[in-house]
Amino acid sequence: MNTFEIKEDFLLNGRPFKILSGAIHYFRVAPTDWYHSLYNLKALGFNTVETYVPWNLHEPRKGEYHFDGILDLEKFLLTAQELGLYAIVRPSPYICAEWEFGGFPAWLLNESTRIRSNEVVYSNHVADYYDVLMKKIVPHQLSNGGNILMVQIENEYGSYGEDKDYLRSIHNLMCERGITVPFFTSDGPWRATLRAGSMIDEDILVTGNFGSKAKENFDSMQKFFDEHDKKWPLMCMEFWDGWFNRWKEPIIQRDPHELAEAVREVLDQGSINLYMFHGGTNFGFMNGCSARGVIDLPQITSYDYGAPLNEQGNPTEKYYALQKMIHDNYPDIQQMAPLVKPSLEIKNIPLTNKVSLFATLDTISEPIHAKYPKTMEELGQNTGYLLYRTTIEKDAEEERLRIIDGRDRSQLFVNQKLQATQYQTEIGDDVKVSLPQNDNQIDVLIENMGRVNYGHKLFADTQRKGIRTGVMADLHFITNWQHYCLSLENCKKVDYSKEWQPNQPSFYRYEFNLSEVRDCFIDLSKFGKGIVFVNQTNIGRFWEVGPTLSLYVPSDLLNEGTNEIVIFETEGTFQPQIQLIKEPLYKEMKEG
């Protein structure tokens, strides 16, 4: 039986072992591409893969669990093991990861509880989830013939709280359900976060997260170890080799050769987990959001991250710079040539159907009536869009309308004509409208652009999406609303036999044939804002503000023969033809 221990060194079967790990999130990579990415990790000379586990995908509705397809954690671990890779698993209730709500399921917002605490309601939900999840993890521990070396307790908790009872409860929940491999915590490498987030007094390994200055950061960690008389190996659990990106901001770059030298500095002193090795994609509505004061800044669909493997999973200049550094400094490490996937290109795919959202609304959603507007969470909806509808009488030639306390982005229509688009801080401003009829239809389309994934706003009221207070005409709140939940997990019920009107949110359908499937990117540079479905799978959001102007399509989603692309566009912009291209497309943007 193989063994893994943490003493002054990491010991694998009694021998010192340097962990060379790379982060690949199975839920951000198409299952047919897992082998490709894991092989390229092994080919670089690395020996371990690390992954988070997203609670909100595995239990999207309370008591409803999913572990198939892209969520088949066990298959991912087995694929890694077959390639000779060990694994580090981080099944924390909270993962951050620039992921929707930091991995928490949105239904927790309906619970009267405090997340990331030892409060009983929250703890019971974690326990129920772990009852199911740990059965997927326990068989793959090294001691059970699997490849898991270590498991994480919570995640960067020292950047949120200092409740040691809570950390002990998470640890105990996992132990009670069969986790026997060593545990660890990971935090910022300075004393405040290490003290608050660690379980050092209970002899649980402390690791650090940083992206440069290895000597300085390891020295800080070592000083903390010395305070507690711990003789442990040093490990950077997240060495940030790139960074995530947000809408309206330029792509963040890092020099490949500078990165390789920074990684060498880590390896001179300890072990490493490259975050990310293959970033992948925030498919669907799973992008996270940064909190900045009163404004939340949603991240883009691509999670390319500037990683050694690009979004598609192919090696980048960073990969080859790391490959050379390892070859030159660690000649005993075996390396292989990486795998490279081809891409396809198809020009001028014609538009076959189009229909306005308002025309097909009743075929894709059933209205829910309430006197006052309800939030997404109150309606049992996690992500997507929510359309509110009512009628108002004409009291004046010009009426003053206001959306009170809404998130995140609203479009207000009178008789299906757009009057205003507002985002976060603009929501609440006056919208002056002319009411042409005695009775007028009011529609408010709200987009949930993603919940924050880090910091003090994790469980704030701002993370409840939709209209939270109401809509006012003149000085009074409007009543009697119909709610149309538009989670848009697919677009199967869209009825293209109904009419299309210009300048309205609409669905656009394109068809094409393939004799051979390959990866590609959809050029969306001439569209405004919305989401894309490829053969009924929601592949994510696009927005003309950039920095990305395309969406990645893994070959896993394409068919030999007929294929369908549906674009839901909210700004009234579309094209009679679309293009599939071989490389991602970016908007030119200036720093700052």
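**Exercise 1. Decide whether K213 is buried or exposed, and say where K213 sits.**

Step 1: K213 has a relative accessibility of 53%, so K213 counts as exposed. Here buried means under 20% relative accessible area, exposed over 50%, and partly exposed in between, with a 1.4 Å probe and protein chains only.
Step 2: For its place, look in the loop between β9 (205–210) and α7. Helices (H or I, at least four residues) and strands (E, at least two) are DSSP runs, numbered from the N terminus.
Step 3: Now the backbone: phi of K213 is positive, about 50°, although K213 is not a glycine.

A quick note before going on. This is a predicted model, where local features need pLDDT of at least 70 and side-chain atom pairs count only at pLDDT 80 or more, while totals for chains, interfaces and linings use all residues. Residues are numbered from 1 along each chain as its sequence is written, and side-chain values use heavy atoms, with hydrogens and water left out.

**Exercise 2. Check the span of helix α7 and find which residues are buried.**

Step 1: Helix α7 covers residues 214–227, which is 14 residues, and at 1.5 Å a residue they should span 20 Å. The expected span is 1.5 Å times one less than the number of residues.
Step 2: The end C-alpha atoms of α7 are 20 Å apart, which agrees.
Step 3: The buried residues in α7 are A214, N217, F218, M221, F224 and F225.
Step 4: Looking down the axis of α7, these buried residues fall within an arc of 115°, so they line one face of the helix. That arc is taken over the directions from the helix axis to the C-beta atoms.
Step 5: Over on the other side of α7, you'll find E216, K223 and D226 exposed.

**Exercise 3. Describe D405 and the peptide bond between R407 and D408.**

Step 1: D405 is in strand β17.
Step 2: Phi of D405 is near 65°, a positive value in a residue other than glycine.
Step 3: With a relative accessible area of 33%, D405 is partly exposed.
Step 4: R407 and D408 are joined by a cis peptide bond, with omega about 10°.
Step 5: D408 itself is in the loop between β17 (398–407) and β18 (409–414).

**Exercise 4. Work out what lines the second largest pocket and where that pocket lies.**

Step 1: Start with the term. On a 1 Å grid over the protein atoms alone, a pocket is an open set of points where a 1.4 Å probe fits, with protein on both sides within 12 Å along at least five of seven lines; lining residues have an atom within 4 Å of a point.
Step 2: The volume of the second largest pocket is about 560 Å³, a volume being the space filled by probe spheres set on the points, which are joined across faces, edges and corners.
Step 3: Its lining has 28 residues, with D304, G306, N310, T316 and Y586 nearest the centre.
Step 4: Two or more lining residues come from each of α9 (317–329) and β29 (550–553), and β29 gives the largest share, three residues.
Step 5: Domain 1 (4–329) and domain 2 (346–353 + 492–581) both contribute to this lining, so the second largest pocket lies between them. The domain bounds come from an automatic or database domain assignment.
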